[in-house]
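Good morning, and thank you for coming. I would like to take you through the model that is about to appear on the screen.

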2 protein chains.
Amino acid sequence: MTGASDRSRRVTLMDVARHAGVSRATASLVLRESPLVAEPTRLKVRDAVRELGYVYNRGAASLRMRRSHTVGLVISGLANPFFADFIEGVERELRPAGYVAFLANTFDDPERQGMLIRTLLEHQIDGMLIVAAAGSSAEIGVPPEAVDIPYVLATRPVPGVAASYVGTDNRAGARMAVDHLLGHGARRIAYFGGPEDGAARMERQAAVAERLAESESDLDPAWTVPSPVSTTDGQHVARALVSSSAPPDAVIAHSDAIAFGVMRSLRDAGIEVGTRCRVVGFDDVEQARAWSPSLTSVSVKAATLGGRAAQMLLERIRAPEIPPESLVLEPQLVVRESCGCGRDS
Amino acid sequence: MTGASDRSRRVTLMDVARHAGVSRATASLVLRESPLVAEPTRLKVRDAVRELGYVYNRGAASLRMRRSHTVGLVISGLANPFFADFIEGVERELRPAGYVAFLANTFDDPERQGMLIRTLLEHQIDGMLIVAAAGSSAEIGVPPEAVDIPYVLATRPVPGVAASYVGTDNRAGARMAVDHLLGHGARRIAYFGGPEDGAARMERQAAVAERLAESESDLDPAWTVPSPVSTTDGQHVARALVSSSAPPDAVIAHSDAIAFGVMRSLRDAGIEVGTRCRVVGFDDVEQARAWSPSLTSVSVKAATLGGRAAQMLLERIRAPEIPPESLVLEPQLVVRESCGCGRDS
DNA sequence: GCGCTTTCTTAGATCGATCTAATACAACGC
DNA sequence: GCGTTGTATTAGATCGATCTAAGAAAGCGC
C-alpha cells in the first residue's frame, strides 16, 4: 500500500496531486518550495510524495525549463592522478548548486573529444568544463557556432579560443623550478614529457629556456621530449635519454606522474636521484610526498583549480552574457627530497 | 545563413522538418535511420539537419521513450588511482553502446551515497554501477523499493543485497599474498588499512588469518588497522605500528595507494622494504611498477573489472527480468621487488 | 451587501521528441 | 474498374513536468 513497489508505470506528479486531492500545478509548486502554497496543502502534498514514493523527473522538468542542471566534464586523461583531485574540487562546487556532471575522458585525442562533446550537447547540458586534449585547434573539436552553451577551459589554454579559462601560471612555475635547481648547482637541465602540441608544455619549456639563457646556459633540444602524461611514458622517455654519455644533472618533468617514471629510470640506470640527478615535477599530487625520494613539485592545487573552474562555469550559466574571463593561479614550489634538499644543502 | 548561430530558440526537429518540406514524424524517422523512409526524402532531411546545425534533444526523446541512455557511476573514492583504470574500463564499454555516465563520488560515506543516488534517480538514469561506500547497509543508502532500475555492484559486495555483482576473489588474492610472503620466510605478517566495515577488507583479513593459522601462526589483531584508502592514510597507519618494539616482518596493504604510504613510513623508520619488512599491495595500479622499490601487488585488473561490470549493467538494462548474477574474477600476484624478490631469493 | 485586495488554486498550453493508427498513392492481378 | 497489397508519409496523442493567466475564496472597509 505505502511503498512505490513494482507497478510498471512510474509514479508521476499527477498521481501525487490526485492522491493529495490537489491539482498538478499545486503539487508542482510544493516541490519547488513556492511560498504561494498554504501550509496545510503543502503538508498534504508532502505526505502524498512520501506515501507514493514519488521520484522527481528532472528530464521532464528541464524540457520545459530549458535547464537540465547538468554539466559536462571533459577530461584529457583520467589516469593522471592530478585529475582525481581536480574532479573532487569540481564536484565540491557543483553539488551544492544542484548540478551533476557527465564525465567524459578524451585520452588526449581531439577527434574523440569532438565526438564526446557532441554527445554531451545532445544530452542538453547547461555548460561544459573542458581540459582540452592536446592539439585541440580553435574549435575544440566541434564547430564553435554549434556550441551555444557556456564553457570554461581548465588547465590547458587553447590558442585562438576566446573562452573563459582557469589555469596556472606555467611560466612562473617553470622559472621557480629552474631557479631552485640552479641554486642547487645544476647546470644541465632537461624538460621531460608532456603532450606534443600542448600549450602548457610549450609555455613551460619556453620559460625554462628563457631562464637558462639568462644564466648563460641553454636548454638542449634533445632534452625536451614530449610524451603522454603517464608514469609508464615518463619511464620510457627517461630511459632513452638517461643512458647517453652525458646525461642531464636535473630534470623538470611535465607532471608528477611522469616524474615518477623518470625517477624510476634514473634509479635503474644507477643514477641517484637528488644528488647526481635532481628531479622536479608539476602538480604536487598526493603520492609525491610518499615517493622515495619524495618529489619536489610545482604545486598547482588541483582541487582549488577545479573548484574555481566550476564556480566560473556556474557563474556563466547564470549570466551567459558576461564576457569571458581568465583566472591564472600562482603556483608554488613544494620542496622535498628529489631536488637534493636535505641531502646536500 | 547556413550556420545555427545565435537565435535564442534552439533549432528543433520541427524546424528541420519544415526546412526539408516534410513532417515532424518523417524527420524523426530519418534521425533514427528507419528503413521506412525513401532515399530522396532521407537526403532532404539530412541536408536540413546540416544546414540548420540541428542538435538532437535526447532529453525530450527520453521523456517519450522511457530510456535516457544515461547511467550513474557511483565511486567510493576517486583519489584512489585504482578507479582511474576502473572508470576507463567502464567508459570503453558504455560509449559504443551509446551511453554516457554521470559521475558521483561518495568519499566512502553511506549517507552521501544515498543523497547522490537519489539525485541520479531524479535524472532518469537507466541503471547504476555502484562501488558501494564501506558500511553500506542493505539499502545502499536508499530504500530498495525506490530503486526500480537495474544496478550492478562492483568491487565491494554489500551483504544482504541480492544485486548483480562483479568483483575479485578476495580470499584467493589474500592467500596468494600470504603464501608468497611465507615462502620468503616472513612470519609476523600484518594486514594494514581498508575501510572499517568494508566487506572486501573483512574477506581478505579472514583469509589471511585462516592461512596463517594453517601454518601455525596467527594474525595479531593489533596489526589489522582499518584506514581510509589513500596514500596519506597508509602512511599514518604504518607510522604508528612500525615504531613498536617488535614490528611486523611483512605487511599486506589493503590497496596499492595504502602500500605506498606504508613503504614510506617504513623507510622513514629506517626499516628497509623487501628485506627487513616485505610489502604486498592490492590493485596493481600503474605506479606500482615504478615505485622504489617496485611494489608486488595482487592484480585485480581494474579496467577489465570495470568493463565487465559495465557489460553486465547494459545487459540488465536490455533485459531487466534476468536474475542477478555474480562474476568473481581471479586475481593474480604480480611479483616485483617490495616482497624481497630479486634481493634474497 | 458590494467592491476591492490579498491569498491560494487550477485549467490548459507548452517544451521537443516518439509512436500509433490512419491515409495517400502506386502498382498489380484479374 | 475494383479490390488488394505494399510503400511512404503524416496528423495527433503522449511522455511529465512548468508557466501563464485567470478564477475562487477569504478578509476587510464602509
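In which sense do strand β7 and strand β8 of chain A pair, and over how many bridges? Strand β7 (residues 250-253) and strand β8 (residues 278-283) of chain A pair in the parallel sense, over three bridges. Strands here are DSSP runs of E of at least two residues, helices are runs of H or I of at least four, and both are numbered from the N terminus; two strands pair if DSSP finds at least two bridges between them. Within this pair, Ile252(A) stands opposite Val280(A) of β8(A).

A word on conventions. This is a predicted model, in which local features need pLDDT of at least 70 and side-chain atom pairs count only at pLDDT 80 or more, while totals for chains, interfaces and linings use all residues. Residues are numbered from 1 along each chain as its sequence is written, chains are lettered from A and ligands numbered from 1 in the order in which they are written, and side-chain values use heavy atoms, with hydrogens and water left out.

The wider sheet in chain A is open, with five strands in the order β6-β7-β8-β9-β11 and mixed pairing. β6 (189-192) and β11 (332-334) of chain A stand at its edges with a single partner strand each, so one side of each has no neighbour in the sheet. From one strand to the next, the twist averages 20 degrees. Helix α8 (residues 199-214) of chain A lies across β6, β7 and β8 of that chain, at about 175 degrees to β6(A). Such angles run from 0 to 180 degrees between N-to-C directions, with axes as lines fitted to C-alpha atoms, for helices over the stretch in contact; contact means heavy atoms within 4.5 Å.

Let me turn to the two copies. Chain B superposes on chain A, with an RMSD of 0.1 Å, after a rotation of 180 degrees and 0.1 Å of shift along the axis. The fit is by least squares on the C-alpha atoms of residues with pLDDT of at least 70 in both copies. This is the relation of a two-fold axis. The same surface serves both copies, as 100% of the contact residues of chain B recur in chain A. Phe102(B) is the residue of chain B that comes closest to the rotation axis, with its C-alpha at 2.2 Å.

Finally, the lining of the second largest cavity has eight nonpolar, two polar and no charged residues. Among them are Leu78(A), Asn80(A), Leu78(B) and Asn80(B).

Technical notes: 1 Å grid on protein atoms, 1.4 Å probe; cavity = no way out; pocket = protein on both sides within 12 Å on 5 of 7 lines; lining within 4 Å. Nonpolar A, V, L, I, M, F, W, Y, C, P; charged D, E, K, R; others polar.
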